[in-house]
Amino acid sequence: MTDDEPGPNDRTRPRTHGDPDGRRRSRTSGLIRIALARFRGQLTGVQSGKSTAIVVAVALTLALLVVVTGLALALVDGGGTSQTDADVSIEPADGGSLSSVNGIESPRLANATAHTAELRAADGVDRATPVLVEPVAVRSETASTADPSAYTRLLAIGVDPAVDAGSVAGLPLDALGDGDDGADDADGRRSESGAENESAAGTLGARSAGLVLSETAANRLDVTVGEAVVVTSGTETYQLPVTAVEPTTGDDEAPVALVDRDALMTFAGSADASLADRILLWGDEGAAERAAADAYPAAAVEPTDSIHPAALFENDLALATSLVATIVALVVCALFIATTAGMAVAEDRPQLAILSAIGFSGASRLAIVTTAILTTVIGGSVLGVVLGIGVGYGVNALAGVLFATGSVVVFHPLVVPYTVVVAVVAGLLALPYPLSIAARTDVLAAVDG
Amino acid sequence: MWGNNGPVRARSKLASEVSSINRTPTQSTTAGPHEPGDPPAVQLDGVTHEYTAGSRLRSTGREPVRALADVSLSIASGEVVGIRGPSGSGKSTVLHAIAGLLVPTDGSVALFGTDLTDCSGRKRLRLRRQHVGIVFQHFHLLPSLSARANVALPLVQLGQSKATRRRRATALLERVGLGDRLTHRPGELSGGERQRVAIARSLSTDPDVIVADEPTGELDTATSESVLDVLTSVADDRAVVMASHDPTTLAWTDRTITLCDGSIVDETDQDEPRRARPAIGASGGDDP
């Protein structure tokens, strides 16, 4: 007879019967209910301090993680300027070139005009345009030239104005108009010559018909359709009419303007180069990708779906940033949870002792403690996500006002489960300490006390 | 009150209701009427217990403290036994040994013939879970749970379904007169109500033995009567062991054992038999 078998006169028989799996399920659900009730009680009761502290600390730490991860995503995404309905994008192979925070000096595609023309001719490609992004200083035509504060910094997005459909950075390409006297066919193939268009001071190509402003940009410049703005570049100024003002779409309220890429290169002082941050293609995705790969075999050719977090692995800085944020969040959360939950469990020993006295096994008691801690941590992580997204929006709004950049922080839906998983891992790392305290509970000392 | 006839005459309607609690929440009990020749519900033989340094808060850290010295006693099912003695005499240690909360350093403690000192910790826990109900002086209810959830607590570990737990806990609370306090948390209950919840909790697994450590220690006289009425009325087929140094409380028992310095120094039967109680479960279909 084993130790656990009843003796012949054993009246100490088991009182339970029936399906063992059913009992196990009932026990598990009951333990979870107890843990949740205790968590609720700890959060709302008089001894709520430590549970609340864990929730707040985890929330703050993970909010930081959300923001920093959003920064890392922005490094590979480029923020609102990368929003487009194109099917394929060709970018320099090292990626991250359009980032709002580091994109200025990033690699660019060379000889973009010629390659774009080749791409347009490829089967399955409907339209194509090179895209160049540069910050420019702009003022309303009517603003005082003597007032430096009249200039507003916009993110100018240079595209081929001959492309008559699609959108970039939320601004429709057809609104830019095609003032290109040099356009030589209906497909928008460009001649490299064009009549010169004298501006107020500098010289632009004739096809530089004007610019399309986002609503945010128009509001800051205080201009409307038909009015003119003046772009400054060094000692030169260029006057351009506003051809359209488009309502801001999405969450990115950065001031952006759509402009002829040739004109933008002139503003940037690189009119002789044919540079682009990327080339966008519309058409059959597979065919466009093949054509893009042929034209730029060393470049990154990717669908233009929303940014995927996997892109972090293609950018060293973004990867390092997100990894550091994750490690810091894990360490800070785990240490705080371990110490605070440990203190909470130590205070809670009498209740754990009662559970033992009325027959709860050690495993069941530890399961209750584990569930309560993980519930606290998950609650903190959800709060952290909300807080982090709120802070991210605030940072973006502030950056838009101060620096006229696109989104500095980019969010992806996967950030939510990612943050919760980080919190749970931190909780699991922290668990051994409070569990060891719970396991060492002296039942008699606790119930006698 | 009970006047000269003592508390045994003071059987209340509440106690009658409590005694009708069906003993079998899970139907498979083999416990029946106690037959001559059956092992006693509780048997302590030569129990000695010393607290060694570091093992208990009461330890001096120098010499072991002898809490019990060669204690032997036998308690039958249906018997209500009181243990009295001054503080530090070993009353609580006896209860803890019966409940399997501690293993004495010497001697044996048996429940219905099963020696707890020979059992593994796991089996001792299981025996306690299924066959021993504990009532503490300080109630020890979980403050975040409702009265019903507190009563149902032991049934969670038994794997009873939520519906069964609620049904059983509701019936027990109704029987101890707290049917209108089901969802109240301990902080919203009076001392007497909390102790009645604790008694209901101790009954939830239909135990064969109930140990109560100073069950009226924090209650006023009137509330104590109510609690003792409930506690003693469930003893029909159970052994009830109460530790107290309150003579009024001990007057509700069938037999009183006096401890001093860990040894039994006196054992007294009550002059008058405790009230006759109807068999538990006599109400037939009143299964909570």
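This report describes the two chains of a predicted model, from their overall make-up to selected helices, strands and contacts.

## The two chains

Chain A has 449 residues, of which 49% count as buried. Its secondary structure consists of 12 helices and 13 strands. Chain B has 288 residues, and 52% of them count as buried. In chain B there are 8 helices and 10 strands.

Contacts can also be sorted by how far apart the two residues lie in sequence. Taking the contacts in chain A with a separation of 6 or more, 79% are between residues 24 or more positions apart. For chain B the corresponding share is 74%.

## Nonpolar cores

In soluble globular proteins, nonpolar side chains tend to be buried together. The largest nonpolar core in this model has 128 residues. The residues with the most contacts inside that core are A:Leu62, A:Ile337, B:Ile98, B:Val211 and B:Val241. Helix α2 of chain A, residues 49–77, gives the most to this core, with 16 residues. A second core, separate from the largest one, has 61 residues and includes A:Val125, A:Val212, A:Val229 and A:Ile279.

What does B:Val211 touch, leaving aside residues up to four places away in sequence? Its contacts are B:Leu95, B:Ile98, B:Ala99, B:Val132, B:Ile134 and B:Val241.

Helix α2 of chain A also holds A:Ala53. A residue needs 20 or more C-beta neighbours within 10 Å to be buried. A:Ala53 has 19 inside 10 Å, so it counts as partly exposed. The C-alpha atoms of A:Ala53 and A:Thr376 are 9.8 Å apart, although 323 residues separate the two in sequence.

## An enclosed helix in chain B

Helix α3 of chain B covers residues 121–131, and 8 of its 11 residues are buried, so it is largely enclosed by the rest of the structure. The buried residues are B:Arg124, B:Leu125, B:Arg126, B:Leu127, B:Arg128, B:Arg129, B:Gln130 and B:His131. They pack against five elements of chain B: β4 (106–111), β5 (114–115), β6 (132–135), α4 (147–157) and β7 (209–213).

## A sheet and a hairpin in chain B

Strands of a sheet pair through backbone hydrogen bonds, either parallel or antiparallel. Chain B contains an open sheet of 4 strands in the order β2-β1-β4-β5, with antiparallel pairing. Its edge strands are β2 (65–75) and β5, each of which pairs on one side only. Helix α2 of chain B, residues 91–98, packs on this sheet and touches β1 (42–51), β2 and β4. The directions of this helix and β1(B) make an angle of about 120 degrees.

Elsewhere in chain B, strands β9 (255–260) and β10 (263–269) form a hairpin with 2 residues between the strands. In this hairpin, B:Asp261 takes a positive phi near 50 degrees.

## An enclosed strand in chain A

How many of the 5 residues of strand β11 of chain A are buried? The count is 5 of the 5, so this strand, residues 256–260, is largely enclosed by the rest of the structure. β11(A) pairs with β3 (152–159) in the parallel sense, and with β8 (211–214) in the antiparallel sense.

The table lists strand pairs from both chains, with one bridge partner pair for each.

| Strand pair | Sense | Bridges | One partner pair |
|---|---|---|---|
| β3(A) and β11(A) | parallel | 5 bridges | A:Leu155 and A:Val256 |
| β8(A) and β11(A) | antiparallel | 3 bridges | A:Leu211 and A:Val259 |
| β4(B) and β5(B) | antiparallel | 2 bridges | B:Ala110 and B:Asp115 |
| β9(B) and β10(B) | antiparallel | 6 bridges | B:Thr256 and B:Thr268 |

## Two crossing helices in chain A

Two packed helices are described by the angle between their axes and the distance between the axes. In chain A, the axes of α9 (residues 362–402) and α11 (residues 432–439) come within 10 Å and cross at roughly 145 degrees. The crossing is right-handed.

On the α9(A) side, the contact is made by A:Gly362, A:Arg365, A:Leu366, A:Val369, A:Thr370 and A:Ile373. These meet A:Pro434, A:Leu435, A:Ala438 and A:Ala439 of α11(A). By type, the residues of this contact divide into 7 nonpolar, 2 polar and 1 charged.

How values were computed: Residues numbered from 1 in each chain as written. Chains lettered and ligands numbered in written order. Predicted model: local features only at pLDDT ≥ 70, side-chain atom pairs only at ≥ 80, totals over all residues. Core = buried A, V, L, I, M, F, W, Y, C linked by C-beta atoms within 7 Å. Buried ≥ 20, exposed ≤ 12 C-beta atoms within 10 Å, placed from the backbone. Contact = placed C-beta atoms within 7 Å. Pairing = 2+ DSSP bridges. Axes fitted to C-alpha atoms, helices over the stretch in contact; angles between N-to-C directions. Left-handed = near helix turned anticlockwise from the far one by under 90°. Nonpolar A, V, L, I, M, F, W, Y, C, P; charged D, E, K, R; others polar.
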